[in-house]
Each structure stands twice: as structure tokens, then as C-alpha cells.
Amino acid sequence: MSEQPPYLRVADELRRRITEHVWEPGDRLPSRAQIGQELGVGENVIRRAQELLISQGLLEGRAGSGTYVAEPQQRVRIVRSSAREQPSGSPFRADMKAVGKLGDWESRTDAKVPAPADIATRLGVDEGALCVRTSYEFLADGRPVQLSTSWEPYDLTAGTLIVLPEGGPHAGAGVVNRMAAIGITVSHAVEQPEPRQATAEEASLLGIQKAALVTNIRRTYYSDQGRPVETADIVVPVAHCEIVYEIPICH
């Protein structure tokens with residue numbers, strides 16, 4: 001069995017000091033040179049260990065100041081469930097209200113965007129086929145907690161009142177209810193959550209460290225005819241949010 005990489009051993013030691021209250025929330029850590037000398041490793045090893053703990057929400061880096069033990073934060077619970085599709089109202093707003101926060105979102109829609117290869121595959125259309133792309137920034141008390149980029153085939157909704165997901169009389173109604181307005185029944189959705197590191201743009205929007213851990217949920221809605229009608233990538237920061245799946249039981 002291969003030996004654990006040095007930076008992981010250092011991360012375990014730093015984590016131990018935090019959990020055993022050797023360092024308290026808000027404490028500034030010694031310099032990388034000091035920690036490296038104490039533990040017998042180079043500063044680059046300390047840097048990688050600290051970056052890992054920053055991505056996990058245990059440490060935070062402050063530009064020009066150093067690295068600190070992060071203050072404990074209440075993680076926002078985000079519930080994923082088909083049972084939460086409602087004729088009116090927003091499941092996201094309901095989740096935020098449950099933890100005493102005001103939920104809202106900002107969005108930007110671009111019509112007639114050529115589908116990249118991976119999106120085309122997910123929607124079952126040709127690469128370059130025109131789509132409606134909408135980018136969302138979900139907010140809890142004004143702070144971004146979730147990002148989403150949604151794609152819908154343009155030929156599916158062109159010329160209808162729902163062509164713009166956040167415009168017209170059905171703005172913000174959600175995919176299931178919007179599609180129902182034009183006679184399309186959405187029968188199910190498939191979600192695939194995967195952990196990864198945040199991109200620089202995502203980190204900036206979410207107010208997290210670059211390369212911090214996020215959960216990327218790849219979601220696709222299907223009609224009762226089996227056609228994909230929408231696909232989206234939902235990005236949730238691990239340190240700030242927990243994802244819960246609610247599974248309805250059919251009797």
C-alpha cells in the first residue's frame with residue numbers, strides 16, 4: 001500500500017489541532033515556514049494542506065494577512081425532490097424560509113445559443129443546434145449560495161409564451177409547470193451529483209476560495225415521450241450548503 005502523500009498527513013495534523021481546539025475559530029495560523037519547520041516539510045507541502053482545508057471550509061485565507069481558522073457557519077439545506085414541484089411558489093424560497101433566510105435569484109437568458117457537444121448529447125440534439133441558455137445565481141439573504149446554467153432546445157419553445165424561462169406570464173414557474181403550459185408533460189428528471197473543484201468564475205460568484213469543493217448536479221428533465229426538454233448544471237458549494245434528497249414513497 002502506498003504511503004499517504006505528505007500534504008495529506010499535514011492536513012490531518014492541522015485538522016486535529018482545529019478539532020481539539022489548539023487553534024480556535026478566528027485564530028491566525030503560524031506562517032508556513034514555521035509550520036513546515038515544526039513538521040519537517042517544505043512550505044509547498046504546507047500550502048497544499050492549507051488549500052485542502054480551505055476548500056473544506058475549516059480554514060480561510062485573507063489576502064495580505066494570512067490563514068485563519070474559519071468561523072463555524074450554518075450550512076444551508078437544499079432539498080432535491082420531485083415532490084417539491086409546485087403549481088405556484090418556489091422550492092428554493094421554501095428551503096430558505098425553513099432556515100430563516102430570504103430566498104431569491106437573479107438570471108440572464110441568451111436565446112439561440114448553439115449547443116456545445118456535451119449539452120447537445122444531453123438534449124438529444126445535433127451539436128450546434130439552437131438553444132435557450134439561462135444562467136441563475138440563487139441568493140440567501142442576498143448572498144449567493146447556488147449557481148445554475150439551464151439549456152432548453154429552441155425549437156421546443158420557439159413562438160410560445162414560455163420561450164424565455166424568466167420572461168412572460170409563466171416567468172419563474174419552473175420547468176414542469178412551464179412545459180405544461182404548452183401541452184408538454186414532464187414525467188421525470190435524472191440527476192447526477194459529482195464533486196469537483198470550483199472554477200475561478202464560480203468561486204468569484206459564490207464568494208469561496210478558488211478550487212474550493214463544490215457539488216455539480218447534472219440534471220435533465222424528460223417528457224412523457226422520452227424527449228429531454230431541459231438540462232442544467234447546478235453548482236453548490238460544499239462548505240456552505242448541504243444537499244438532501246427527499247424520496248417520495250408511492251403506495
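This report describes how some helices pack and where buried residues gather in a predicted model.

## Helices α1, α2 and α3

Helix α2, which spans residues 32–39, and helix α3, which spans residues 43–55, have axes that come within 8 Å and cross at roughly 105°. Since angles of 65 to 115 degrees count as roughly perpendicular, that crossing makes α2 roughly perpendicular to α3. At this contact, Arg32, Ala33, Ile35 and Gly36 in α2 meet Glu43, Ile46, Arg47 and Gln50 in α3, and the residues involved divide into 3 nonpolar, 2 polar and 3 charged.

Helix α2 also packs with α1, at an angle of about 105° and with the two axes 12 Å apart, and α1 and α2 are therefore roughly perpendicular to each other. Here Val10, Glu13, Leu14 and Arg17 in α1 meet Ile35, Glu38 and Leu39 in α2. By class, the contact of α1 with α2 has 4 nonpolar residues, no polar ones and 3 charged ones.

## Two nonpolar cores

In soluble globular proteins, nonpolar side chains tend to be buried together. The largest nonpolar core of this model has 14 residues, and of these Val10, Leu14, Trp23, Leu29, Ile35, Leu59 and Val69 touch the most other members. Helices α1 (6–19) and α3 each supply at least two residues of this core, and α3 gives the most, with 5 residues.

Leucine 59 can serve as an example of the surroundings of one core residue. When residues up to four places away in sequence are not counted, Leucine 59 touches Ile18, Leu29, Gln50, Leu53, Ile54, Thr67, Tyr68, Val69 and Ala70. Apart from this largest core lies another core, of 13 residues, among them Ile78, Met96, Ile217 and Val236.

## The two sides of helix α4

Which residues of helix α4, covering residues 91–98, are buried? They are Phe92, Asp95 and Met96, and because they cover an arc of only 95° around the axis, they lie on the same side of α4. A general property of helices fits with this: an α-helix has 3.6 residues a turn, so residues three or four places apart point the same way. On the other side of α4, Lys97 and Ala98 are exposed.

The buried residues of α4 pack against four strands, namely β3 (76–80), β4 (103–114), β5 (130–140) and β6 (143–153). One of these buried residues, Met96, is also among the members of the core of 13 residues. The helix α4 is followed by glycine 100, whose phi is positive, near 75°.

Conventions
Residues are numbered from 1 along each chain as its sequence is written. This is a predicted model: local features need pLDDT of at least 70, side-chain atom pairs count only at pLDDT 80 or more; totals for chains, interfaces and linings use all residues. Side-chain values use heavy atoms; hydrogens and water are left out. Axes are lines fitted to C-alpha atoms, for helices over the stretch in contact, and angles run from 0 to 180 degrees between N-to-C directions. Angles under 35 degrees count as roughly parallel, over 145 as roughly antiparallel, 65 to 115 as roughly perpendicular and the rest as oblique. Contact means heavy atoms within 4.5 Å. Ala, Val, Leu, Ile, Met, Phe, Trp, Tyr, Cys and Pro count as nonpolar, Asp, Glu, Lys and Arg as charged, and the others, Gly among them, as polar. A nonpolar core is a set of buried Ala, Val, Leu, Ile, Met, Phe, Trp, Tyr and Cys residues joined through side-chain atoms within 4.5 Å. Buried means under 20% relative accessible area, exposed over 50%, partly exposed in between (1.4 Å probe, protein chains only). The arc is that of the directions from the helix axis to the C-beta atoms.
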